[in-house]
Amino acid sequence: MTRMNDAPAPRLWYLVPAAGVGSRMQADRPKQYLELTPGGSVLEATLTTLRRALPEAGLCLVLGAEDAYFTPTMVPWQEWLRADGGSERADSVLAGLECLSRVASDDDLVLVHDVARPCVRESDIQALVKAARESDDGAILAAPASDTMKRAAVLSHAVERTDGSAQRIAHTESRTGLWHAFTPQAFPLGLLRTALRAALAEQPERITDEASALEACGRSPVLVPAARDNLKITHPEDLAMARLLLAAREDHADRPRTPA
C-alpha cells in the first residue's frame with residue numbers, strides 16, 4: 001500500500017529518551033549531562049542538531065522522574081512535552097509515545113533518537129523522513145557492516161565475560177547483509193505504540209531498538225544509508241571522539257568559501 005500523493009504530510013515529532021544513567025561512562029553524572037562543547041552538554045548538542053534539521057518538528061523529551069541535572073534552558077524549543085522515563089529504554093520510549101498520543105495523531109511521524117548520538121548529520125535526518133513517509137513500515141538510519149565480524153566462543157559456564165578479559169574466536173560471521181543500526185528511527189506514532197506494547201508484553205528481551213519491535217510484528221522497516229560518524233557515546237573514549245567530530249564540523253563551517 002502506498003500513501004496517496006495528495007494526502008497531507010503527517011506532522012513530525014522527535015522523541016528523545018534521556019532517562020538513562022550511563023553507568024559505563026564511569027562519570028559523576030549521566031552521560032547526557034557531560035560537557036561536549038564549550039559550555040554545552042551532550043543533551044544540548046543533540047537537541048540543537050535535531051532542531052536545525054527539522055525546525056518544524058515537535059519534541060517529547062523523556063527524563064528520569066528524579067533528574068537533578070536537567071534545566072529547561074537546555075531545550076531549544078519554546079514549547080515541548082516532557083514524560084517520565086521507565087526502568088528500560090523501551091519503557092521510556094513507550095512512555096513518550098503515550099504522552100504524544102494525547103496531542104498527536106496516530107499518523108504523525110515520530111523520530112526516536114538516542115540522546116547520546118549528538119553527531120547525527122542533519123542531511124541524514126532529512127533523508128530518513130523522506131524514506132519513512134514513503135514506507136508503511138517506517139525507516140531507520142543505518143550503515144552496512146564493513147569490519148570483519150567474529151563470533152566469540154561460548155564459555156563452558158554459559159556466561160559471557162563482560163570485564164574485558166580475553167575470549168576466543170568461535171568463527172567468523174559473514175557480514176553480507178549486515179547493517180549497523182543508528183538513530184533516529186522513524187515510524188507512524190500509532191504503529192510504533194502498538195508494536196512496542198505487544199513486544200514488551202510478549203518478548204521484552206528482544207527489543208533492542210524500535211525497529212526490533214516492528215520486526216516482531218512482521219514489519220520490515222526501510223534501511224536508510226547514513227554517515228558512519230553517527231556514533232553513540234557509551235564509553236569515555238566516545239566522548240573524546242564526539243568532541244573531535246563536532247569541532248571539525250564547526251571549523252569546516254566557519255571557513256570562508258573561495259569563489260570558483
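**Exercise 1. In strand 6, which residue is the bridge partner of Trp13?**

Solution. The model is predicted. Start from Trp13: the bridge partner in strand 6 is Val110. Next, widen the view to the strands. Strand 1 covers residues 12-18 and pairs with strand 6. The sense is parallel, and the pairing has 4 bridges.

**Exercise 2. Find the residue that stands opposite Leu111 in strand 10.**

Solution. Begin with the pairing. Strand 10 spans residues 179-188 and is joined to strand 6 by 4 bridges. These two strands run antiparallel. Now pick out the residue: Ala186 stands opposite Leu111.

**Exercise 3. Are the residues on the two faces of strand 6 buried or exposed?**

Solution. Strand 6 is residues 109-112. Take one side: Leu109 and Leu111 are buried there. Take the other side: Val110 and Val112 are buried too. Both faces are therefore covered, since buried means under 20% relative accessible area.

**Exercise 4. Name the residues that touch the most other members of the largest nonpolar core, and say which helix gives the most to this core.**

Solution. The core holds 34 residues. Tyr14, Leu54 and Leu111 touch the most other members. Several elements each supply at least two residues, among them strand 1, helix 1 (42-53), strand 4 (58-63) and strand 7 (139-144). Helix 3 gives the most, with 5 residues. A second, separate core has 27 residues, including Trp13 and Val93.

**Exercise 5. Which residues does Tyr14 touch, not counting residues up to four places away in sequence?**

Solution. Look around the Tyr14 side of the model. Its contacts include Leu50, Leu54, Leu59, Trp77, Leu111 and Ile125. Arg51, Ala53, Ala57, Gly58 and Cys60 are also touched by Tyr14.

Note on methods
Residues are numbered from 1 along each chain as its sequence is written. This is a predicted model: local features need pLDDT of at least 70, side-chain atom pairs count only at pLDDT 80 or more; totals for chains, interfaces and linings use all residues. Side-chain values use heavy atoms; hydrogens and water are left out. Buried means under 20% relative accessible area, exposed over 50%, partly exposed in between (1.4 Å probe, protein chains only). Two strands pair if DSSP finds at least two bridges between them. A nonpolar core is a set of buried Ala, Val, Leu, Ile, Met, Phe, Trp, Tyr and Cys residues joined through side-chain atoms within 4.5 Å. Contact means heavy atoms within 4.5 Å.
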